[in-house]
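Here are two exercises to try with a structure in front of you. Have a go at each task before reading its solution.

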Amino acid sequence: MEIFSSLLSGSGAWNPLAWLLAFVVAAVIAYLIWARGERSYKKGTEQTAPFISGNKEPPKGDLHVRAGNLYWGYTDALKGYYERIVPLHSGDMNDYVLWYLGITALIMVIVVVFS
Amino acid sequence: MKPTRAFNESLWAFHFNSGSCNGCEIEIVAAITPRYDPERFGIKLVGSPKHADLLIITGPVVKKMKDRLLRVYAQIPDPKVVMCVGTCGISGGVFYDSYNLEGPVDDVVPVDVYVPGCPPRPEAIIHGVVKALAKLERIEGVGQ
């Protein structure tokens, strides 16, 4: 049993061979379950589409949780800030360079005045 | 009622209401109660057409249900049989020629077994299921 207890920690023993063995056993069980499945399904037809009480399957994109859904509370709480900032985010490089030059000039003026 | 070697597994049925008044549903529920207990022969209602061999349809197929019926029918793996329960599904019944119907059922999907009645008795429904099982065994036998 030495080979199965190569690393002892406060949470127990860890050994890559034991994990590999567990993975192989799980894979064999999964394959046996899969192999007993229905083989006569026709791919690309309704037979492989999910059953939603007979309703049509919505497009995949409509079912996904978007990144914006995750931080909705954050953006909603800071709505006043984003309403001003988002219009400035034009995607036009000329605008960004102009902002860069303007802010740089402002910092230089501040540095010169207060130095 | 032991299945022959051609069909050597339990018969699972999926029930689809295409606009029925629920009279046939009550009789289908009565047919699966312990009084008759068809489950002892392996005959049971399942919650998904993907598990079913038999599609039991009640109702005259109203417009809203036609697409859904076609989709459910397509989702049942082959070989499959269709049983139409009740007068409405067979002919439209009192709703015959109504503006709101796409049916009767055999105008929408092919039907193998008809169980007439308004509503049919549980014994008639079970008899229809036995006929459907026999049809399925013939289909399976041909396929072998």
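Contact means heavy atoms within 4.5 Å. Helices (H or I, at least four residues) and strands (E, at least two) are DSSP runs, numbered from the N terminus. This is a predicted model, where local features need pLDDT of at least 70, side-chain atom pairs count only at pLDDT 80 or more, and totals for chains, interfaces and linings use all residues. Residues are numbered from 1 along each chain as its sequence is written, chains are lettered from A and ligands numbered from 1 in the order in which they are written, and side-chain values use heavy atoms, leaving out hydrogens and water.

**Exercise 1.** Work out the strand order of the open sheet in chain B, and find which strands helix α1 lies across.

*Step 1.* The order of the 5 strands is β2-β1-β3-β4-β5, with parallel pairing (two strands pair if DSSP finds at least two bridges between them).

*Step 2.* On the edges sit β2 (44-45) and β5 (113-115) of chain B, each pairing on one side only.

*Step 3.* Now add helix α1 (residues 23-31) of chain B: it lies across β1, β2, β3 and β4 (81-85) of that chain.

**Exercise 2.** Describe where chain B meets chain A.

*Step 1.* Count the residues: 14 of chain B are in contact with 13 of chain A.

*Step 2.* Look for salt bridges (a side-chain nitrogen of Lys or Arg within 4 Å of a carboxyl oxygen of Asp or Glu). There are 2 between chain B and chain A. The side chains of B:Asp78 and A:Lys42 form a salt bridge, at 2.6 Å, N to O.

*Step 3.* Find the main contributor: α2(B) gives 5 residues, the largest share of the side of chain B that touches chain A.

Conventions:
Axes are lines fitted to C-alpha atoms, for helices over the stretch in contact, and angles run from 0 to 180 degrees between N-to-C directions.
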